[in-house]
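This report covers the salt bridges, one open sheet and one annotated domain of a single chain. The sequence and model come next.

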Amino acid sequence: MADQLLSTATHHHRLPENYVRPESQRPRLTQVITDASIPIIDLGSPDEAEIIAQIGQACQSYGFFQVVNHGIDTELMVKMMATCLEFFRLPPEEKAKLYSDDPSKKIRLSTSFNVKKELVHNWRDYLRLHCYPLEEYVPGWPSNPSSFKEVVSAYCKEVRQLGFRLLGAISQSLGLEEDHIERALGEQEQHMAINYYPKCPEPELTYGLPAHTDPNALTILLQDSDVAGLQVLRDSKWMAVDPKPTALVINIGDQLQALSNGRYNSVCHRAVVNSNKERMSVASFLCPCNNVIISPPKELVSEGAPATYRRYTYDEYYKKFWSRNLDDEHCLELFKREKAF
């Protein structure tokens, strides 16, 4: 099955038929807003109250934002992208060792999203890694490139610390104690998707990833500094999130939408591809403990604002998410209280 990987195939002048979206589902790239003002939050500001207010505003209005002065060393970010690109340029037989179509595997290289279920494929390969606790998973990570384990481990540790800092600010922006969300999510798992989008012969006919929300709590995205591709939906319009040097993109996942009782939005986003350049991105996911019960705190529930979603475990949610196509109905809709029984 590893012969399905786009990173090892030769791409000619036409898109293979099984990647072509029906007319009604195509990205309509000419209609995308390219000069949108995406919130950029300076985490190095001495005014902590202002940072919290800006994060709350961004979570409510956009569901995503960018952060600068976030504490992750620029050199480490550059090394991370270079090492990951090196991985995708390995010979096919080397990559074939890690290939799997099984979403339950903790370490796997695959393509598209869920090749067993989908009718139309997406123009991406990805390496999926579980990252916490590191000592449990790193031994199974790729040994080639030789720097992979060291560089990716260092990046994972930094991202986890940043994620907890952001969860604290999000908690406070909701009027909760700083550690409320972190405690509510339990001993959080951490996953990573290293995405590779090759040059595409007909980018207007397909996606790198179609519109979706993330099933986890918080996503921290390291974008390719030279190539745009991430787009987010706001007010029914698609907006391009152009790469900003040293910035990381943060987006609210489904679990924070549920925990905030719908005050904060799990943003619908997609990845498009282009014909001129390959593109990389590294998405780090902070995920609730599998058996934790997801339910909003009493402070965010009232007679005028009853709980929007039924109580559920993250394990239940995650299994439902991976059993579907990525562009099906928003998975969180299946957990609304009126649909509970």
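A salt bridge is counted here when a side-chain nitrogen of Lys or Arg lies within 4 Å of a carboxyl oxygen of Asp or Glu. The model is a predicted one.

**Salt bridges**

With that cut-off, the count comes to eleven salt bridges. Side chains of opposite charge can pair when their charged atoms come close. Three of the pairs are listed below with the separation between N and O.

| Pair | N to O distance |
|---|---|
| E202 and R14 | 3.3 Å |
| R183 and E177 | 3.5 Å |
| K336 and E333 | 3.5 Å |

The pair of E202 and R14, with its closest N and O atoms 3.3 Å apart, links distant parts of the chain, as its members are 188 residues apart. E202 sits in the loop between β5 (189-197) and β6, while R14 belongs to the segment before β1 (40-42). How accessible are the two partners, buried or exposed? E202 has a relative accessible area of 13%, so it is buried, the limit being under 20%. R14 has 61% relative accessibility and therefore counts as exposed, for which the value must be over 50%.

In the pair of R183 and E177, the side chains meet at 3.5 Å, N to O. E177 counts as exposed because its relative accessibility is 55%. Salt bridges that share partners extend this pair into one network made of E177, D179 and R183. The bridge between K336 and E333 also has an N to O distance of 3.5 Å. There, E333 is partly exposed, with a relative accessible area of 25%.

**The open sheet**

An open sheet is formed by four strands, in the order β6-β11-β8-β9, with antiparallel pairing. Which strands stand at the edges? They are β6 (209-212) and β9 (237-240); each has a single partner strand, so one side of each is left without a neighbour in the sheet. On average, and with direction ignored, neighbouring strands of this sheet are turned by 20 degrees against each other.

Within the sheet, strand β8 (residues 230-234) runs antiparallel to strand β11 (residues 269-271), and three bridges join the two. On β11, R270 stands opposite Q231.

**Annotated domain**

UniProt, in an unreviewed entry, lists residues 188-288 as "domain: Fe2OG dioxygenase". In the model, this span is 6% helix and 45% strand. Its end C-alpha atoms lie 5 Å apart.

Note on methods: Residues are numbered from 1 along each chain as its sequence is written. This is a predicted model: local features need pLDDT of at least 70, side-chain atom pairs count only at pLDDT 80 or more; totals for chains, interfaces and linings use all residues. Side-chain values use heavy atoms; hydrogens and water are left out. Two strands pair if DSSP finds at least two bridges between them. Axes are lines fitted to C-alpha atoms, for helices over the stretch in contact, and angles run from 0 to 180 degrees between N-to-C directions. Buried means under 20% relative accessible area, exposed over 50%, partly exposed in between (1.4 Å probe, protein chains only). UniProt positions are given in the numbering used here, feature names are shortened, and annotations may be inferred rather than shown by experiment.
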